[in-house]
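User: I should like to learn how to read the features of a protein model, from the overall fold to a metal site. Could we work through one example together?

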Amino acid sequence: MTPVTRPVAKTDSPHVKVLLVEDEADLRDLVRFHLEREGFSVEAVGDGERGLELALSRSWSAVLLDVMLPGCDGLEICRRLRLDTRLKQVPVLFLTSRGQEKDIVGGLNLGADDYLVKPFSLKELTARLRAAIRRAGAPTHASGLNAGTIQLDPLRHEVLVAGEALSLTATEFRLLHHLMRHAGRAFTRDELKPCAIGEGVVVLDRNIDVHIGNLRKKLGDEAPRISTVRGVGYRFEGD
Ligand code: CA
């Protein structure tokens, strides 16, 4: 009998999306294969222009850039990312050849977070990548919201409680984001219904209650921050 192929265990959630721009096909495939096995979701391209287009079109958890690329070089892609107010926080790591140290100094001036000199170990790449993503998600993140041990990052669409990522539905995320942005203010269920759009035509009061209930469960120790306001609805208690 043919053995059944089992999916490899994922150590990171697949929502950690990495863009890889590298024109050496063998290296590109190797890095992609390794990162996917480590649980990252990877989009890999070999062309600089396509890389630039992709880099600017989505919110990536991190971008890995080769320096010398056909079309548009890695430094230019990094520069363009840093000019975009929505994307300038995205961690950028350069993959560079020996002898390109001069370019790397330029890259670091452009706001790259780190670089690796080829040939690098895949283990080291993964470690540096994780570190860069963690730093980007730190509480100092400009667009993020914090309360107690809750960190919400709208760009990365990620919520951490005491450093652990929560797996929230889109509605739960929007509810928490809305409540946290207006901490201290009570909202009626009607006012919260737009957070549940996309689920169906009609959103009922009790749907909101169910979402809030699930959200509280996932928030664990931080659950009491969402209080029920009798006769009104819900309120998030900030710090
Ligand atoms: Ca190259």
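Analyst: The following dialogue takes up the overall make-up, the packing of helices and the metal site in turn. Please keep in mind that this is a predicted model.

User: To begin with the overall make-up, how many helices and strands does the chain have?

Analyst: The secondary structure amounts to eight helices and 12 strands. Burial and contact range complete this outline. The chain has 239 residues, and 44% of them count as buried. Where contacts link residues at least 6 apart in sequence, 56% of these contacts join residues at least 24 apart.

User: How should one read the packing of two helices, and at what angle do helix 1 and helix 5 pack?

Analyst: One reads the axes, then the handedness, then the residues in contact. Helix 1 (residues 25-37) packs with helix 5 (residues 122-136) at an angle of about 60°, and their axes are 11 Å apart. Angles of 65 to 115 degrees would count as roughly perpendicular and those under 35 as roughly parallel, so helix 1 and helix 5 are oblique to each other. Their crossing is right-handed.

User: Which residues of helix 1 and helix 5 meet?

Analyst: From helix 1 come L30, V31, H34 and L35, which meet L122, K123, L125, T126 and L129 of helix 5. By class, this contact comprises six nonpolar, two polar and one charged residues.

User: Are helix 2 and helix 3 roughly parallel or oblique to each other?

Analyst: The axes of helix 2 (residues 48-57) and helix 3 (residues 74-83) cross at roughly 20° and come within 10 Å. Angles under 35 degrees count as roughly parallel, and helix 2 and helix 3 are therefore roughly parallel to each other. The crossing of this pair is right-handed. In helix 2, G48, G51, L52, A55 and L56 meet I77, R80 and L81 in helix 3. The residues of that contact are five nonpolar, two polar and one charged.

User: Turning to the metal site, which residues are the protein donors of the calcium ion?

Analyst: A site is read from its donor atoms and from their place in the sequence. The protein donors of the calcium ion are D23 (OD), D66 (OD) and M68 (O), at 2.1 to 2.3 Å from the ion. Their spacing in sequence is D-x42-D-x1-M.

User: Do D66 and M68 count as buried or exposed?

Analyst: The cut-offs are under 20% relative accessible area for buried and over 50% for exposed. D66 counts as buried because its relative accessibility is 4%. M68, at 52% relative accessibility, counts as exposed.

Methods
Residues are numbered from 1 along each chain as its sequence is written. This is a predicted model: local features need pLDDT of at least 70, side-chain atom pairs count only at pLDDT 80 or more; totals for chains, interfaces and linings use all residues. Side-chain values use heavy atoms; hydrogens and water are left out. Donors are N, O and S atoms within 2.8 Å of the metal (3.2 Å for Na, K and Ca); water is not among the atoms, so sites may look incomplete. Buried means under 20% relative accessible area, exposed over 50%, partly exposed in between (1.4 Å probe, protein chains only). Axes are lines fitted to C-alpha atoms, for helices over the stretch in contact, and angles run from 0 to 180 degrees between N-to-C directions. Helices (H or I, at least four residues) and strands (E, at least two) are DSSP runs, numbered from the N terminus. Angles under 35 degrees count as roughly parallel, over 145 as roughly antiparallel, 65 to 115 as roughly perpendicular and the rest as oblique. A crossing is left-handed if the near helix is turned anticlockwise from the far one by less than a right angle, and right-handed if clockwise. Contact means heavy atoms within 4.5 Å. Ala, Val, Leu, Ile, Met, Phe, Trp, Tyr, Cys and Pro count as nonpolar, Asp, Glu, Lys and Arg as charged, and the others, Gly among them, as polar.
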